[in-house]
Structure formats: structure tokens, C-alpha cells
Amino acid sequence: MQSASARSVREKLVAFFVLIFLFKAGVSFCPTPTVLRPTSLSLVNKKDLSASERERRDEEDRRRKRKDDVVIGKTSAIKGEKDFVIDPKTTEQEYFRQLSSIEREVFQLTEAGMEFLNLLQLEEADRAFSRVFELKPNAYLWQAGIVKFY
């Protein structure tokens with residue numbers, strides 16, 4: 001038979017380990033403070049808003065005002081201009097129609113040089129990139145530097 005003091009110590013140890021287990025499990029014994037905030041910012045006096053709340057309110061206003069301004073693919077951001085249709089093949093065809101013969105050749109040689117570089121055919125890539133620089137000396141083509149390095 002256990003004495004009363006031994007039982008008391010045992011009960012305290014059990015209670016202690018139960019509290020540790022509950023603490024590790026994330027159980028809270030203190031009520032969390034609740035902050036009463038209005039659900040709509042329009043209910044709050046404008047001077048009582050925090051900076052982030054004011055900015056959020058202002059951004060919502062800007063979005064509401066711009067809602068019908070620009071519709072991607074239907075309207076242009078520049079008045080009097082038109083956007084290309086959102087279709088990559090059509091856009092690419094329109095782009096190629098606008099290119100001069102030299103620009104078209106630069107594009108094709110750059111693509112070929114990139115393909116040769118991906119296949120590690122460095123001599124062919126170097127020839128393609130060199131031809132690009134003959135046609136357009138100020139071309140920005142950092143991949144040509146990699147080919148020349150190797």
C-alpha cells in the first residue's frame with residue numbers, strides 16, 4: 001500500500017508529464033486574446049487605419065478604377081494600337097512578316113547556333129554566331145562567348 005505522500009508525488013509527476021505532452025501537442029491553456037476589427041475597411045475612420053490598411057484600401061480603389069481599362073488580348077495599353085492575338089504561332093508569324101531579310105537571317109542563325117551549342121557541336125555553333133556578328137556587329141549574344149571559350 002502506498003502512503004499518501006507517495007501517491008501525491010506520483011499524481012504530480014503524472015500531471016506534469018501530461019502537461020508536457022499537451023504542450024508539445026500544441027494545446028493551449030490560455031485563452032487567446034481576440035481583437036475586434038471591422039470586417040470592412042469602410043467602417044473604420046480613415047485616420048484610424050494603419051499604413052498597411054490604408055495602402056490595401058488604396059490598392060483596392062485603384063484596381064476597381066482600372067477594372068475595365070485594359071483587357072489582355074482585346075485592348076492595348078496604348079490608345080489607337082492593337083495587340084497581337086494571344087496565340088504564339090500567329091504572333092510568331094506576324095513577327096516574321098515584320099522582319100527584314102537581314103533580321104530574319106540573324107534570327108535563324110541565332111536559333112541554329114543555339115541548337116548546335118545544345119548538341120555540343122561547337123564548330124558549327126561558332127560559324128553560325130560568327131555569321132550573326134557579320135550581319136549585325138552589335139548583336140547581344142553571350143552564348144557566342146561560351147562557344148569561343150571552349
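Select R62 to begin: its relative accessible area of 34% makes R62 partly exposed. This is a predicted model, and R62 is a convenient entry point to its charged contacts. Show the side chain of E55 as well; E55 and R62 form a salt bridge with an N to O distance of 2.9 Å. E55, at 44% relative accessibility, is likewise classed as partly exposed. Now add E59 and R63 to the selection, since E55, E59, R62 and R63 are connected in a network of salt bridges. In total, nine salt bridges are counted.

Before continuing, colour the chain by confidence. The mean pLDDT is 79, and 69% of the residues reach 70 or more. Helix 1 (residues 4–24) has the lowest confidence, with a mean of 72, whereas helix 5 (residues 122–135) has the highest, at 95.

Move next to helix 3 (residues 88–98) and select E94 and R97. About one helical turn separates these two residues, because they lie three residues apart in the helix. Their side chains meet in a salt bridge of 3.1 Å, N to O. E94 is partly exposed, at a relative accessible area of 22%, while R97 counts as exposed, at 57%.

Select helix 4 (residues 101–118). Its 18 residues, at 1.5 Å a residue, should span 26 Å, and the end C-alpha atoms are 26 Å apart, in agreement with that expectation. Which residues of helix 4 are buried? They are V106, L109, T110, G113 and L117. These residues lie on the same side of helix 4, because they cover an arc of only 105° around the axis. Rotate the view to the face turned away from this buried side, where the exposed residues S101 and N118 are found.

Remaining in helix 4, select F107. Its relative accessibility is 27%, so F107 counts as partly exposed. Measure from F107 to F96: the C-alpha atoms are 9.5 Å apart, and the two residues are separated by 11 positions in sequence.

Then display E105 and R131, whose side chains form a salt bridge of 3.5 Å, N to O. This pair joins distant parts of the chain, with E105 in helix 4 and R131 in helix 5, 26 residues apart. E105 is partly exposed at 29% relative accessibility, and R131 is partly exposed at 31%.

Finish with Y140, W142, I146, F149 and Y150, which make up a nonpolar surface patch with about 730 Å² of accessible area together. Y150 lies in the segment after helix 6 (142–149). Is Y150 buried or exposed? With a relative accessible area of 68%, Y150 is exposed.

Technical notes. Residues are numbered from 1 along each chain as its sequence is written. This is a predicted model: local features need pLDDT of at least 70, side-chain atom pairs count only at pLDDT 80 or more; totals for chains, interfaces and linings use all residues. Side-chain values use heavy atoms; hydrogens and water are left out. Patches are made of residues with over 30% relative accessible area and no salt bridge: like charges are joined within 9 Å, nonpolar side chains (Val, Leu, Ile, Met, Phe, Trp, Tyr) within 5 Å. Accessible areas come from the Shrake-Rupley method with a 1.4 Å probe; for residues, only the protein chains shown count as cover. A salt bridge is a side-chain nitrogen of Lys or Arg within 4 Å of a carboxyl oxygen of Asp or Glu. Helices (H or I, at least four residues) and strands (E, at least two) are DSSP runs, numbered from the N terminus. Buried means under 20% relative accessible area, exposed over 50%, partly exposed in between (1.4 Å probe, protein chains only). pLDDT is the predictor's confidence in each residue, from 0 to 100. The expected span of a helix is 1.5 Å times one less than its number of residues. The arc is that of the directions from the helix axis to the C-beta atoms.
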